[in-house]
There are 2 protein chains.
Amino acid sequence: MRISTKGRYALRLMLDLAVNDTGEPVSLKDIAKRQEISDKYLEQIISVLNRAKFVKSIRGAQGGYLLSRRPEAYTVGMILRLTEGSLAPVACVEEDSSCGRMQGCAANMVWRRLNDAINGVVDEITLADLVEFARRDVGEYMI
Amino acid sequence: MRISTKGRYALRLMLDLAVNDTGEPVSLKDIAKRQEISDKYLEQIISVLNRAKFVKSIRGAQGGYLLSRRPEAYTVGMILRLTEGSLAPVACVEEDSSCGRMQGCAANMVWRRLNDAINGVVDEITLADLVEFARRDVGEYMI
DNA sequence: TGTATTCATACTGTGTCAATAGGAATTAGC
DNA sequence: GCTAATTCCTATTGACACAGTATGAATACA
């Protein structure tokens, strides 16, 4: 029941971009250094964010990445679902599921409530909330 | 971010024992048949529940298993944590964790809230709740 | 032109998941 | 006591995902 490094790193990456936004592109190497994450691995992760247009990229020397929208426009849920896939605790509470036992499954109640609780958290927190939290309670340079 | 079959089956197994409790031991073969789960796999799962004294076993012919406490005494969280291990979405929100970045990690706030939300659900629902739900809303014979 | 950067793809070692397999130990019923 | 039904114990397996690493091509600033 773990969020994988892919989702966690994606969130830190997006947060790093939000915090270090000066209008100039931020290179992946810088992010990797700040976040202490393998830059080669980050490359794969940001390529997902890039294809989904969560970030925009600028190629060549002095290139890098920028958020393509304002931080308020990203929820944690959007970022995690994109990189992790579904956050549903079991397959049978996903939209397009069809479990034969569903009608008669009391355990299903647990999974639905768990699913709602998880979504309730990740869909309520935006990147802007995290930026504010980082600035106020944590200090600008630690993410 | 999935609950594995081990935890899911364990919950269904315990619920089956609760619903089919007549005072007589229930054989694993019967549970496996009702739940449509491999009996050999269920064996491994129930051995965990047995070692933790969540169930008591009666060996030999006509043997089987019984809940060792009343259904109200088991929360879903107890059962899942025993079989799944920790339910924490990331290692750094576990009791005995020591992440160097913790002090300065805004993302950590997400994981803590997620952790609280998950625990809030699984620690509030007991086996007795599920039995009642099954009897009332689902029908006695479907679990 | 050289250097810094993104982009694309392939590869790999490790571990977990979800069982399956085989047999030993125990006990009720005949 | 014998047989059948059951729990108990341990090993093995195939598939897959995770968490990277590696290599090189394409692009663009200076």
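So, to start: what share of the 143 residues of chain A count as buried? The answer is 32%. Keep in mind as we go that this is a predicted model.

Okay, let's get our bearings in chain A. You'll find six helices and two strands in its secondary structure. Starting at the N terminus, the order of elements is α-α-α-β-β-α-α-α. Along the principal axes, the C-alpha atoms of chain A take up a box of roughly 60 × 35 × 25 Å. And if you look at contacts in chain A between residues at least 6 apart in sequence, 64% of them link residues that are at least 24 apart.

Have a look at helix α1 of chain A, residues 5-19. Of its 15 residues, 13 are buried, so that helix is mostly covered. We can also check its length. With 15 residues at 1.5 Å each, α1 of chain A should span 21 Å, and its end C-alpha atoms sit 20 Å apart, which agrees.

Now, the two chains together. Chain A can be laid onto chain B by a rotation of 180° with 0.0 Å of shift along the axis, and the RMSD is 0.0 Å. The two copies are therefore related as by a two-fold rotation axis. Which residue of chain A comes closest to that rotation axis? That's Met1(A), with its C-alpha at 2.3 Å. Both copies use the same surface, too: 100% of chain A's contact residues turn up again in chain B.

How many residues are we talking about at that contact? On the chain A side there are 32, and they are in contact with 32 residues of chain B. On chain A, the elements giving two or more residues to this side are α1, α4 (76-84), α5 (107-122) and α6 (127-138). The largest share comes from α5(A), with nine residues. Sort that side of chain A by class and you get 24 nonpolar, three polar and five charged residues.

Let me zoom in on one residue, Ile118(A), which sits in helix α5 of chain A. Is Ile118(A) buried or exposed? It has 21 C-beta neighbours inside 10 Å, and 20 or more is the cut-off, so Ile118(A) counts as buried. Leaving out its neighbours within four places in sequence, Ile118(A) is in contact with Leu87(A) and Pro89(A), and also with Leu114(B), Ala117(B) and Ile118(B) from the other chain. Ile118(A) and Ala88(A) are 30 residues apart in sequence, while their C-alpha atoms are 8.1 Å apart in space.

Finally, the DNA. Around strand C there are 26 residues, and the closest are Leu28(A), Ser57(A), Ser4(B), Ser38(B) and Gly60(B). So both chains take part: α2 (28-35), α3 (39-51) and β2 (64-67) of chain A each give two or more residues, as do α1 (5-19) and α3 (39-51) of chain B. The element that gives the most here is α3(A), with four residues. By class, the surface near DNA strand C has five nonpolar, 15 polar and six charged residues.

What about DNA strand D? It is surrounded by 26 residues, the closest being Ser4(A), Ser38(A), Gly60(A), Leu28(B) and Ser57(B). For this strand, α1 and α3 come from chain A, and α2, α3 and β2 come from chain B. Here the largest share is four residues, from α3(B).

Note on methods:
Residues are numbered from 1 along each chain as its sequence is written. Chains are lettered from A and ligands numbered from 1 in the order in which they are written. This is a predicted model: local features need pLDDT of at least 70, side-chain atom pairs count only at pLDDT 80 or more; totals for chains, interfaces and linings use all residues. A residue is near a molecule or strand if its C-beta atom, placed from the backbone, lies within 6 Å of it. Ala, Val, Leu, Ile, Met, Phe, Trp, Tyr, Cys and Pro count as nonpolar, Asp, Glu, Lys and Arg as charged, and the others, Gly among them, as polar. The expected span of a helix is 1.5 Å times one less than its number of residues. A residue is buried if 20 or more other C-beta atoms lie within 10 Å of its own, exposed if 12 or fewer, and partly exposed in between; C-beta atoms are placed from the backbone. Two residues are in contact if their C-beta atoms, placed from the backbone, lie within 7 Å. Copies are superposed by least squares on the C-alpha atoms of residues with pLDDT of at least 70 in both.
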